[in-house]
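Work through the exercises below with the model open. Each one sets a task and then solves it step by step.

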Amino acid sequence: MTAHSSPAEKRPGRLGDPTLTLHTDPRTDPQVVKALAQYGLDQDIVPAPLRPDAPREQLLEFVTAAEAGSEQLFAALVADLEPVPGLVHHTETIPGPAGNDIQLYVTRPATAPAALPGILYLHGGGMVMLKGSGPIYARFHDELAATGLVIIGVEFRNGGGELGPHPFPAGLDDCATALDWVHQHRTELGISTLTVAGESGGGNLALATAIRAKREDGLAAIDGVYALVPFISGLYGASAEEREAVLPSLVENDGYLTACDTAAIFAEVYDPGAEHATDPLCWPFHATAQDLTELPPHAISVDELDPLRDEGLAYHRALLAAGVQATCRTVAGTGHAGDLMFRAAVPAMYEATVQSVHRFAAGLRS
């Protein structure tokens with residue numbers, strides 16, 4: 001063994017020790033461990049009880065149960081927080097592309113001297129569950145708006161859960177429709193610039209919405225894109241060896257707050273039969289240089305202990321290679337979207353993410 005070799009036990013996370021959990025991984029922020037332990041989330045995620053090739057009805061039942069559990073957790077995480085003062089809220093209902101209605105949740109400071117930077121925010125949930133009106137997102141909208149932004153949350157159709165089942169491209173269609181409407185109503189909404197943003201599945205949709213806008217000559221609507229912990233590869237059902245070869249974090253951090261077996265089910269519900277496995281509108285990880293060239297400025301935020309970390313980093317590198325103005329940040333010490341979930345337990349981490357989004361949006365020019 002040479003002086004420069006790296007023995008297996010020194011490799012990070014589960015690449016070096018498959019028995020590690022967020023509780024025992026030395027990289028985890030102690031405050032995050034304490035917060036996770038209250039809900040048993042410092043240990044492994046319970047393995048999914050079925051595989052992606054199970055009957056679709058069973059997959060949809062799994063998503064519905066996951067949605068209910070997630071919303072219960074998110075409600076508990078924000079229950080004791082004081083309301084964010086000085087904001088006004090209203091809801092716009094616009095026609096969707098399939099005869100559906102789309103609710104837009106608008107949050108802004110009660111007083112503002114002029115037009116403010118705007119963010120079209122797309123919620124997480126693997127494109128198959130959760131709501132933009134849910135407790136964790138309502139809180140995030142408020143925290144962002146309090147920094148001097150106009151936030152428009154989009155209630156798009158999901159692949160499963162209460163707002164499903166509507167597989168790809170239904171949710172993306174709704175996001176594109178919302179983008180067009182908001183762009184056409186910038187003056188009424190008091191928006192100076194418009195960032196498309198989202199986390200996890202919403203990060204997927206934010207990136208895909210930008211690619212779609214380019215294909216449809218609609219980039220004038222988007223001044224910037226901010227994707228947090230984006231869920232974009234679709235590779236979650238591959239073997240551990242295949243995942244490690246392409247995106248090592250899919251093995252290194254598997255089971256930390258989220259797990260590849262669950263992600264693979266979400267991917268199947270969103271994209272049945274993997275029919276669009278390499279379509280960048282479905283899975284932006286597969287975008288080509290041609291897809292990315294001339295896109296507006298992007299920001300990518302990833303979490304150190306997230307299975308999805310490396311796909312976000314890879315997308316950032318692809319943006320740079322295509323000549324797109326892009327920045328990237330890594331939040332140390334937490335798993336998937338932990339910097340957005342644990343407002344009370346790790347306020348400095350949460351605030352840093354809020355300020356990162358604010359700085360990006362406020363620094364854009366229309």
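A salt bridge here is a side-chain nitrogen of Lys or Arg within 4 Å of a carboxyl oxygen of Asp or Glu. Buried means under 20% relative accessible area, and exposed means over 50%. The model is predicted.

**Exercise 1. Determine what surrounds the side chain of Asp 306, and whether a charged partner lies within or beyond salt-bridge range.**

Step 1. Locate the residue. Asp 306 sits in the loop between strand E7 (298-303) and helix H12 (309-321).

Step 2. Check for a charged partner. Asp 306 is buried and has no salt bridge. The nearest side chain of opposite charge belongs to Arg 309, 8.4 Å away. The cut-off is 4 Å.

Step 3. Look for polar partners. The side chains of Asp 306 and His 336 make a polar contact of 2.7 Å. A polar atom of the Asp 306 side chain also lies 3.0 Å from the backbone nitrogen of Leu 308.

Step 4. List the contacts, not counting residues up to four places away in sequence. Asp 306 touches Val 229, Ser 249, Asn 253, Thr 258, Thr 334, Gly 335 and His 336.

**Exercise 2. Find the salt-bridge partner of Arg 309 and place both residues.**

Step 1. Identify the pair. Arg 309 forms a salt bridge with Glu 252, with the closest N and O atoms 2.8 Å apart.

Step 2. Place the two ends. Glu 252 is in helix H9 (residues 249-252) and Arg 309 is in helix H12, so the bridge ties together parts 57 residues apart in sequence.

Step 3. Check exposure. Glu 252 counts as buried at 3% relative accessibility. Arg 309 is buried too, with a relative accessible area of 12%.

Step 4. Extend the view. A network of salt bridges links Asp 25, Arg 27, Glu 252, Arg 309 and Asp 310. The structure has 16 salt bridges by this rule.

**Exercise 3. Give the strand order of the sheet and name the strands at its edges.**

Step 1. Read the order. The open sheet has 8 strands, ordered E1-E2-E4-E3-E5-E6-E7-E8, with mixed pairing.

Step 2. Find the edges. Strand E1 (87-95) and strand E8 (326-331) each have a single partner strand, so one side of each is left without a neighbour in the sheet. The twist averages 20 degrees from one strand to the next.

Step 3. Inspect one pair. Strand E3 (residues 116-122) and strand E4 (residues 150-155) run parallel and are joined by 5 bridges. Leu 122 stands opposite Val 154 in E4.

**Exercise 4. Describe how helix H4 packs and which salt bridge links Arg 139 to Glu 143.**

Step 1. Place the helix. H4 (residues 135-145) lies across E1, E2, E3, E4 and E5, at about 40 degrees to E2.

Step 2. Assess burial. In H4, 9 of 11 residues are buried. Among them are Ile 136, Tyr 137 and Phe 140.

Step 3. Examine the charged pair. Arg 139 and Glu 143 form a salt bridge, with the closest N and O atoms 2.9 Å apart. They are 4 residues apart in H4, about one helical turn. Both are buried.

**Exercise 5. Which residue forms a salt bridge with Glu 162, and which loops does the pair connect?**

Step 1. Name the partner. Glu 162 bridges to Lys 131, with the closest N and O atoms 2.9 Å apart.

Step 2. Place the pair. Glu 162 is in the loop between E4 and H5 and Lys 131 in the loop between E3 and H4, so the bridge ties together parts 31 residues apart in sequence.

Step 3. Compare exposure. Glu 162 is exposed at 57% relative accessible area, whereas Lys 131 is partly exposed at 22%.

Note on methods. Residues are numbered from 1 along each chain as its sequence is written. This is a predicted model: local features need pLDDT of at least 70, side-chain atom pairs count only at pLDDT 80 or more; totals for chains, interfaces and linings use all residues. Side-chain values use heavy atoms; hydrogens and water are left out. Two strands pair if DSSP finds at least two bridges between them. Helices (H or I, at least four residues) and strands (E, at least two) are DSSP runs, numbered from the N terminus. Axes are lines fitted to C-alpha atoms, for helices over the stretch in contact, and angles run from 0 to 180 degrees between N-to-C directions. Contact means heavy atoms within 4.5 Å. Buried means under 20% relative accessible area, exposed over 50%, partly exposed in between (1.4 Å probe, protein chains only). Lys and Arg count as positive and Asp and Glu as negative; His and the chain ends are not counted. A polar contact is a pair of N or O atoms within 3.5 Å; within protein, one must be able to donate a hydrogen and the other to accept it, and residues adjacent in sequence count only if both atoms are side-chain atoms.
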